[in-house]
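Open the model in your viewer and keep the selection tool ready. The tour goes from one selection to the next.

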Amino acid sequence: MKLASLKHGRDGRLVVVSRDLTHATDAFPVVSTLQGALDDWERLGPRLADLAEGLEHGAVPSFRFHEHDCASPLPRAYQWADGSAYVNHVELVRKARGAEMPESFWTDPLMYQGGSDAFLGPRDDIVMADEAFGIDFEAEIAVVVGDVPMGASEDEARAAIRLVMLVNDVSLRNLIPGELAKGFGFFQAKPSSAFSPVALTPDELGDAWDGGKLHLPLLSYVDGKPFGKPDAGVDMTFDFPRLIAHAARTRPLSAGTIIGSGTVSNRDADGGPGRPIAEGGLGYSCIAELRMVETIRDGEPKTPFLAFGATVRIEMKDKAGHSLFGAIEQKVAKAPSP
């Protein structure tokens, strides 16, 4: 089943989308918002699945689906917690600045709590006041869970996964060092994130989903040029059940909580840092990682962060080349003067 929220009020208008992303039908006869569906998933999930089946067979009214009309599947959420499951990415960050990585990073996930009151739509501009902030994208996978009890096991966490999405976790790289130096985590350096037009139930992913990881390349483009194609199922040190259980160690998670994977990152075939696509590598899911590799290789970064007018596209395709989630495609725009 594929679900989307068309822009409408604060919480969107829930629609069920066809597998080929061409048509949709209103979910209103069942439930009006995605959060409402998640709050009563055991009862409403099967009814939405019946609606999806009817859509595929032309048995329910439908209309043309346009990704540009979409908000993020959850336009706002009770909680957004982003992990850093690809420890290769973390290791590169620290190596580029000459810092050793604690061994605990391989066994204890990193996670931060992001702002979830106002997500960007998948085709909304990334509006920023100043290019000097170091504007970057981060291509990631995320899951949406049902209610998770405090202290949940990984098996309980796996059973709570309701939906899978793509994410652009926008980061302001030049603000991060100062915030982390305060010892209190990110805030200004992590503005609103954007999610894919469509969220999928795990069964829609077939054998690409193993219950904890999504085994397909995550495609990123900057200004129309391929930037990254790492496999989201490779080099993922902590799978989603582990991340969910980590988040629920000391608190319950409410239905509708979003858990992110962190930047998808693969090592090179020789075990070293990844190479750019132009050099035959898999590229990267953020500009910062390319700059880290440049620093390690050449002593300094060469690739600039995103400038006003730049565009970023994030997408994932199935083995037949069909888009699964639709595309996040955003332009960086200058905020109007106050």
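Select Ile 244 in this predicted model. Beyond its neighbours within four places in sequence, Ile 244 is in contact with Val 143, Val 145, Val 148, Ala 157, Ile 161, Leu 253 and Ile 259.

Now widen the view to the largest nonpolar core, which has 73 residues. Ile 244 is among the members that touch the most others, along with Ile 141, Val 143, Leu 214, Met 316 and Phe 325. Helix H7 (residues 287–298) gives this core its largest share, five residues. Another core, of 30 residues, lies apart from it; Leu 44, Trp 80, Ala 142 and Ile 258 are among its members.

Leu 44 leads to the next stop, helix H2 (residues 41–56), where Leu 44 is one of the buried residues. H2 has 16 residues and reaches 21 Å from first C-alpha to last, close to the expected 22 Å. Colour its other buried residues too: Trp 41, Gly 45, Leu 48, Leu 51, Ala 52, Gly 54 and Leu 55. What do they pack against? Show strands E1 (2–6), E2 (13–17), E3 (23–26) and E11 (161–168), plus helix H1 (34–39). After H2, pick Gly 58: its phi is positive, near 70°.

Last, go to Glu 138, in the loop between strands E9 (135–136) and E10 (139–145). Is Glu 138 buried or exposed? It counts as buried, because its relative accessibility is 6%, under the 20% cut-off. Show its side chain. Polar contacts link it to the side chains of Lys 190 (2.9 Å) and Thr 263 (2.2 Å). Other residues in contact with Glu 138 include Val 167, Asp 169, Arg 173, Cys 286 and Ile 314.

How values were computed
Residues numbered from 1 in each chain as written. Predicted model: local features only at pLDDT ≥ 70, side-chain atom pairs only at ≥ 80, totals over all residues. Heavy atoms only, no water. Helix = DSSP H or I, 4+ residues; strand = E, 2+ residues; numbered from the N terminus. Expected span 1.5 Å × (residues − 1). Buried < 20%, exposed > 50% of the residue type's maximum accessible area, 1.4 Å probe, protein only. Contact = heavy atoms within 4.5 Å. Polar contact = N/O pair within 3.5 Å; in protein donor to acceptor, adjacent residues only side chain to side chain. Core = buried A, V, L, I, M, F, W, Y, C linked by side-chain atoms within 4.5 Å.
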